[in-house]
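Please open the model in your viewer and keep the sequence panel beside it, since each stop on this tour begins with a selection and then says what is to be found there.

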Amino acid sequence: MLEVKNLSKYYFKRIGFLGKKETIKAVDNVSFEIEKGESVGLVGETGCGKSTLARCILRIEKPTAGEIIFDRKNVFKMKGKEILEYCRSVQIVFQNPYTSLDPRLTIKESLLEPLTIHFKEEKRNLMNRIYELLKIVGLEDSVLNRYPHELSGGQNQRVAIARAISLNPKLLVLDEPTSSLDVSVQAMILNLLKEIQEKLNLSYLFISHDLSVIKYITNKVIVMYSGKFVEKGYTERVLDKPYHPYTKMLLEALPIPEPKNRRSRPINSLHINGLGECVFYSRCPYKSEVCEKRTPNLVEVEEEHFVACHSI
Amino acid sequence: MKKPLIEVKELNLKFVSFEGIAHILDNVSFKIYGREIFGLVGETGCGKSVTALSIIRLLPKNSIIEGSIIFDEKNLLDFPEREMAKIRGRQISMILQDPTSSLNPMFKVGEQLCDAIKSNQPNRKDVKDYALELLKVLGFRESKRVFNSFPNELSGGMQQRIAIAIALSGEPKLLIADEPTTALDVLTQAQIVALLKDIRDKYGTSILLITHNLGLVAEVCDRVGVMYSGQIVETGPTEEIFYNTRHPYTLGLLQALPYNKPKDKPLPVILGNLPNPFNPPKGCRFKERCSRATKECENLKPKPYLISQEHSVACFNPLGDIIC
Ligand SMILES: Nc1ncnc2c1ncn2[C@@H]1O[C@H](COP(=O)(O)OP(=O)(O)OP(=O)(O)O)[C@@H](O)[C@H]1O
Ligand SMILES: Nc1ncnc2c1ncn2[C@@H]1O[C@H](COP(=O)(O)OP(=O)(O)OP(=O)(O)O)[C@@H](O)[C@H]1O
Ligand SMILES: [Mg+2]
Ligand SMILES: [Mg+2]
């Protein structure tokens with residue numbers, strides 16, 4: 001359904017007043033697909049390019065190179081009506097439930113806005129749609145006349161989800177939708193997301209750095225490091241049998257709610273050392289000469305399991 | 001008997017505003033021993049941060065506080081602000097969730113660290129050396145370069161480590177860490193956690209770790225207090241809390257974790273919301289969300305009682321067998 005082909009997004013930044021330009025490769029030559037009804041996880045640490053990739057998919061930013069194909073159409077060559085339809089088909093839910101809704105609008109106004117833009121219908125019909133949406137996300141009608149700051153984080157996130165699914169999208173991009181919520185609210189939102197995915201046959205691109213959430217909610221996962229994909233495949237297989245040293249590092253860092261299995265943690269995992277062609281060179285404990293000279297490509301190590309590392 | 005470093009006893013806190021009186025903390029009691037990492041967990045708004053602010057005495061003006069906080073055999077609540085200012089930063093210090101709010105963007109982090117050392121240890125001569133040493137302890141290899149950086153030149157994790165360095169500058173006996181890793185990603189989070197352990201091992205600092213990440217609690221805390229609606233509902237050694245869970249609310253929190261849960265089943269959730277602090281219910285505060293609630297819970301307030309030497313629970317119908 002969605003196909004991202006060799007996508008890159010570079011930012012150019014001038015260092016100092018007269019300094020030379022520096023290129024930040026926020027996303028660097030990545031490719032993947034999302035099929036209908038599938039949920040794909042995207043993990044990686046701060047600044048690795050997850051949100052940039054999401055913004056390109058949403059057409060908020062124009063990629064430096066590469067293309068995105070949606071339902072067999074090139075997203076950046078679409079015109080007029082096609083663009084409008086694409087924007088309707090692909091929606092996003094952000095991390096911070098308080099900033100993802102306009103604080104000056106009531107919940108009703110927030111929910112009505114996208115509907116009035118996309119559907120030229122009577123307000124009464126639109127209101128019926130809103131009641132239906134509230135039911136799906138498990139909110140009472142009484143929230144409609146309230147403002148975002150009058151609702152809890154979990155309630156706001158439900159509104160944001162209602163808004164995102166209001167236009168019958170096919171793909172929902174979820175950019176850390178639960179990381180600012182506490183465990184019990186997170187559990188409710190995860191349940192809700194699973195439920196509506198099944199009901200509406202949605203596809204998800206689920207961005208998170210919590211691997212236990214990723215494991216619960218996605219069936220495929222992509223591990224990203226410094227703009228590049230370093231490992232991808234079926235979630236179960238990648239997380240149960242990771243190949244890339246970075247994926248292993250992420251798994252080791254995941255706090256486990258089992259006090260009997262405490263592990264000693266490597267504080268060194270953040271130390272940086274040397275510079276090589278492989279993006280992970282500076283932090284890799286297994287680096288060798290090849291890694292300095294050549295960028296590893298993603299290769300299939302097992303069925304549908306791709307890894308970019310020379311040491312495999 | 002071990003003597004605790006700090007003992008919070010029957011703390012009651014109310015906020016007074018034009019809307020009325022909000023009952024924020026209700027009979028909160030717990031102890032933290034020397035060299036101990038004590039975790040305080042519970043959902044948003046249950047009163048974790050205000051408990052910390054009570055200890056360090058930085059509550060807003062409209063608060064009414066009762067009870068006692070015994071530190072070094074003295075009740076901190078009796079101290080005039082002048083005395084308390086000497087304790088803050090030197091004996092007890094606090095780091096906040098958002099590192100950017102504890103650093104001034106206009107000054108180099110090294111200067112800010114030196115200022116903190118000067119004010120917390122006025123007799124110290126080797127301020128700069130000490131600052132560089134602290135940066136090393138916090139895992140900065142290039143401590144000189146970091147010393148001369150401005151906050152915005154550092155990543156979130158680095159900023160948080162600077163904030164911790166500042167909090168440690170007075171060599172406090174108690175470090176309060178309010179959600180120190182929530183704004184950070186997994187790897188940085190793991191690093192900060194390792195660091196907290198390290199600090200405890202090296203300096204014997206006790207740590208009050210406030211978090212809603214139960215994974216983190218399992219990883220570093222010696223003992224845990226579970227808070228619900230301004231009350232401590234269960235407290236005990238970490239393994240007891242995780243493997244011999246007694247309060248239905250604690251169980252709810254543990255079950256809601258997605259860690260290793262089957263994908264085809266919804267996660268068990270605690271339905272409902274925290275009660276309104278302006279009008280807390282009679283009897284047990286958790287009863288409306290509790291599957292084990294009985295008539296007793298309706299009108300009577302469950303009092304914490306010991307089920308083993310260190311493990312206490314406030315519930316009329318706790319889980320598991322009760323051996324008395
Ligand atoms: N508009 C911009 N101009 C310049 N650089 C940018 C811009 N947006 C992002 N970047 C840089 O691109 C890189 C990727 O950023 P991005 O926000 O995509 O990371 P992320 O993976 O979403 O991180 P996080 O987990 O913190 O949200 C970072 O180095 C960032 O500083
Ligand atoms: N300055 C204040 N004035 C009035 N009420 C307040 C104030 N600060 C906190 N509260 C209330 O006190 C209660 C406890 O808040 P607190 O910040 O301690 O929660 P918390 O457990 O730290 O939550 P979180 O996990 O979201 O940080 C909440 O009901 C909150 O609304
Ligand atoms: Mg992001
Ligand atoms: Mg708090």
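Select Glu10(B), which lies in strand S1 of chain B, and bear in mind throughout that this is a predicted model. Although Glu10(B) is not a glycine, its phi is positive, at about 40°. With a relative accessibility of 51%, Glu10(B) counts as exposed, because the cut-off for that class is over 50%.

Now extend the selection to the whole of strand S1 (residues 4-17) of chain B and add strand S2 (residues 20-33) of chain B, to which S1 is joined by 10 bridges in an antiparallel arrangement. The two strands form a hairpin, with two residues between S1(B) and S2(B). For one pair to look at in detail, pick Val8(B), whose bridge partner in S2(B) is Phe30(B).

From S2 of chain B, move along to the loop between S2 and S3, where Arg35(B) is placed. Arg35(B) is another residue other than glycine with a positive phi, here near 60°. Its relative accessible area is 45%, and Arg35(B) is therefore classed as partly exposed.

Beyond that loop, select strand S3 (residues 37-41) of chain B together with strand S9 (residues 223-228) of chain B; the two run parallel and are joined by four bridges. Within this pair, Val41(B) stands opposite Val226(B) of S9(B). Widen the view to take in the open sheet of eight strands in chain B to which they belong, whose order is S6-S7-S8-S3-S9-S10-S12-S11 and whose pairing is mixed. Strand S6 (92-95) and strand S11 (305-306) of chain B each have a single partner strand and stand at the edges, so one side of each is left without a neighbour in the sheet.

Before leaving chain B, select Asn75(B), which is found in strand S5 (residues 74-75) of chain B. Is this residue, Asn75(B), buried or exposed? Its relative accessibility is 16%, and Asn75(B) therefore counts as buried, the cut-off being under 20%. The side chain of Asn75(B) reaches the backbone nitrogen of Leu77(B) at 3.0 Å. If neighbours within four places in sequence are set aside, Asn75(B) is in contact with Gly67(B), Ser68(B), Ile69(B) and Ile70(B).

Turn next to chain A, and select the four strands that form an open sheet in the order S2-S1-S4-S5, with antiparallel pairing. Here strand S2 (21-34) and strand S5 (73-74) of chain A are at the edges, each with a single partner strand, so one side of each is left without a neighbour in the sheet. Strand S1 (residues 2-14) of chain A and strand S4 (residues 65-70) of chain A run antiparallel and are joined by five bridges, and Val4(A) has Ile68(A) as its bridge partner in S4(A).

Staying in chain A, select the buried residues of H9(A), which are Pro245(A), Tyr246(A), Thr247(A), Met249(A), Leu250(A) and Ala253(A). What covers these buried residues includes strand S3 (39-43), H7, strand S9 (220-225), strand S10 (228-234) and H8 of chain A, together with helix H7 (186-203) of chain B.

For the last stop, show both chains and select the interface, where 40 residues of chain A are in contact with 43 residues of chain B. Chain A and chain B bury about 3900 Å² between them, 62% of it on carbon and sulfur atoms. Val183(A), Tyr216(A) and Arg262(A) supply 16% of the area that chain A buries against chain B, which is more than any other three residues supply.

How many salt bridges does the rule find across the interface of chain A and chain B? It finds one, and to see a salt bridge you can select Lys263(B) and Glu236(A), whose side chains meet at 3.6 Å, N to O. Between chain A and chain B, the count of residue pairs in polar contact is 12, with both residues at pLDDT 80 or more. On the side of chain A that touches chain B, helix H6 (183-200), helix H7 (211-217), helix H8 (235-240) and helix H9 (245-253) of chain A each supply at least two residues, and the largest share, eight residues, comes from H6(A). Coloured by class, that side of chain A has 18 nonpolar, 11 polar and 11 charged residues.

Terms used. Residues are numbered from 1 along each chain as its sequence is written. Chains are lettered from A and ligands numbered from 1 in the order in which they are written. This is a predicted model: local features need pLDDT of at least 70, side-chain atom pairs count only at pLDDT 80 or more; totals for chains, interfaces and linings use all residues. Side-chain values use heavy atoms; hydrogens and water are left out. Contact means heavy atoms within 4.5 Å. Buried area is the accessible area (1.4 Å probe) that two parts lose on being put together, summed over both. A salt bridge is a side-chain nitrogen of Lys or Arg within 4 Å of a carboxyl oxygen of Asp or Glu. A polar contact is a pair of N or O atoms within 3.5 Å; within protein, one must be able to donate a hydrogen and the other to accept it, and residues adjacent in sequence count only if both atoms are side-chain atoms. Ala, Val, Leu, Ile, Met, Phe, Trp, Tyr, Cys and Pro count as nonpolar, Asp, Glu, Lys and Arg as charged, and the others, Gly among them, as polar. Buried means under 20% relative accessible area, exposed over 50%, partly exposed in between (1.4 Å probe, protein chains only). Two strands pair if DSSP finds at least two bridges between them.
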